Amino acid sequence: MNTSLASTSTTNTATDADRTPQRVRHTLRFRVLDVLRVQRVTPHLVRVTLGGDDLEGFYSPGFDDHAKLFFPDPTTGELTVPTAGPDGPVWPEGRKPVMRDYTPRRFDEAARTLEIDFALHEAGPATRWAEQAAPGQRLGVGGPRGSFIVPTNFDWHLLIGDDTALPAIARRLAELPVDARALVFAEVDGVADQVPLPSPSANVEVVWVHRADVAGAAEEAAADAVAESPLLRALRRKQLPTGAFHAWVGCESAAAKALRAHLVNECKANPKWVRASGYWRRGTAATHDSHDE
């Protein structure tokens with residue numbers, strides 16, 4: 001449901017200590033999973049459902065967790081997955097595959113299924129694999145190796161991201177309590193790329209930012225990696241609610257850095273309560289940048 005949050009009052013009495021995020025480490029495990037289903041959710045989003053006995057013990061408590069995906073060799077179809085050694089992954093000599101980080105969108109422990117959403121924009125190996133994925137294929141999965149647990153007892157929550165961040169945003173909205181307030185800025189190509197973002201809380205507003213509606217945005221971004229992003233322009237136009245809030249940002253790296261700077265410097269957000277990640281970097285493959293303090 002979309003509602004206006006600007007006039008809401010705050011009665012939350014949580015202290016700063018109550019709102020301190022916690023880092024949790026997990027035992028490193030690697031799995032080989034079967035592709036069970038492939039669904040084209042939107043023109044630029046493919047959802048792959050994985051399954052198998054290897055999912056026993058899978059654990060992902062953080063809404064923005066990252067699992068490492070290992071892709072089969074595109075020529076031979078051979079899948080190489082490391083074993084867990086005392087100091088990290090141990091690879092067969094000369095057999096290290098293409099790897100990418102993805103958020104586990106949904107894990108069903110009873111059914112032993114894991115959903116991964118692939119945003120189809122960059123013409124890289126992950127996109128190429130997702131576009132041809134079919135039941136019966138296999139995929140390697142490692143981790144998550146750790147989680148960042150953000151309390152839900154803020155006066156309100158701000159979630160900002162592009163297509164690559166939709167799984168994390170969806171997970172966060174799903175875990176918020178019924179009395180929570182949240183404001184979401186989600187950037188996609190157009191209306192056809194919007195996805196449902198359900199939440200038990202009725203006090204959620206989703207602002208969809210369409211790249212296709214921003215004249216010259218693609219050309220501008222290609223020419224200048226630090227140009228103001230559509231998400232930042234949308235954020236500047238919005239009156240934000242009052243009260244203590246946690247902000248989470250996941251998008252292109254330069255855009256995420258600029259959004260964090262705006263939140264801290266202009267919106268006076270508590271820097272300790274702003275988590276900004278570059279899920280990808282324009283012109284660079286396989287990057288994941290943290291812009292936190």
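Which residues are linked with R105 in a network of salt bridges? I would like to begin there, and I should say at once that what we have in front of us is a predicted model, so please take everything that follows as computed from that model. The network is made up of R47, R105, E115 and D117.

Let me take one contact from that network in detail. E115 and R105 form a salt bridge in which the closest N and O atoms are 2.5 Å apart. This pair links distant parts of the chain, since E115 belongs to strand β9, residues 113-119, while R105 belongs to strand β8, residues 104-108, and 10 residues separate the two. As for their surroundings, E115 counts as buried, at 14% relative accessibility, whereas R105, at 23%, counts as partly exposed; the cut-off for calling a residue buried is under 20%, so the value for E115 falls below that cut-off and the value for R105 does not.

Staying with salt bridges for a moment, the structure holds 16 of them, and I will mention two others. In one, the side chains of E78 and R95 meet with an N to O distance of 2.8 Å. Because E78 sits in the loop between β4 (67-70) and β5 (83-85) and R95 in the loop between β6 (88-90) and β7 (99-102), this pair ties together parts of the chain that are 17 residues apart in sequence. Both loop residues have some accessible area: E78 is partly exposed at 41%, and R95 is partly exposed as well, at 38%. In the other, D108 forms a salt bridge with R106, and here the closest N and O atoms are 3.8 Å apart. D108 counts as partly exposed at 21% relative accessibility, and R106 is likewise partly exposed, with a relative accessible area of 44%.

Now, what about a charged residue that is buried and yet has no salt bridge? Side chains of opposite charge can pair when their charged atoms come close. R31, which is placed in strand β2, residues 30-42, is buried and has no such partner, for the nearest side chain of opposite charge, that of D54, is 6.4 Å away. A salt bridge would need a side-chain nitrogen within 4 Å of a carboxyl oxygen, so D54 at 6.4 Å does not serve as a partner for R31. What we do find is that a polar atom of the R31 side chain lies 3.4 Å from the backbone oxygen of E56.

Let me turn to the interior. How many cavities of 30 Å³ or more does a search of the whole structure find? The search finds one, and its volume is about 30 Å³. The residues lining it are T42, H44, L45, D163, L166, V188 and D193, and by character this lining divides into three nonpolar, two polar and two charged residues.

One of those lining residues, L166, also brings us to helix α2, which runs over residues 166-175. Eight of the 10 residues of this helix are buried, so α2 is largely enclosed by the rest of the structure. The buried positions are L166, P167, A168, I169, A170, R171, R172 and L173, and you will notice that two arginines, R171 and R172, are included in that list.

I would also like to draw attention to some details of the backbone. Most residues other than glycine have a negative phi, and most peptide bonds are trans. Against that background, G143 and P144 are joined by a cis peptide bond, with omega at about 5°, and P144 is placed in the loop between β10 (138-142) and β11 (146-149). R112, which is not a glycine, has a positive phi near 55°; R112 lies in the loop between β8 and β9 and is partly exposed, with a relative accessible area of 30%. K268 also has a positive phi, about 60°, although it is not a glycine. That lysine, K268, is placed in the loop between α5 (253-265) and β16 (274-280), and it is exposed, with a relative accessible area of 65%.

Finally, a word on M99, which is found in strand β7 and counts as partly exposed at 22% relative accessibility. M99 and G140 are 41 residues apart in sequence, while their C-alpha atoms are 9.1 Å apart in space.

Definitions and conventions. Residues numbered from 1 in each chain as written. Predicted model: local features only at pLDDT ≥ 70, side-chain atom pairs only at ≥ 80, totals over all residues. Heavy atoms only, no water. 1 Å grid on protein atoms, 1.4 Å probe; cavity = no way out; pocket = protein on both sides within 12 Å on 5 of 7 lines; lining within 4 Å. Points joined across faces, edges and corners; volume = space filled by probe spheres on them. Nonpolar A, V, L, I, M, F, W, Y, C, P; charged D, E, K, R; others polar. Buried < 20%, exposed > 50% of the residue type's maximum accessible area, 1.4 Å probe, protein only. Helix = DSSP H or I, 4+ residues; strand = E, 2+ residues; numbered from the N terminus. Lys, Arg positive; Asp, Glu negative; His and termini not counted. Polar contact = N/O pair within 3.5 Å; in protein donor to acceptor, adjacent residues only side chain to side chain.
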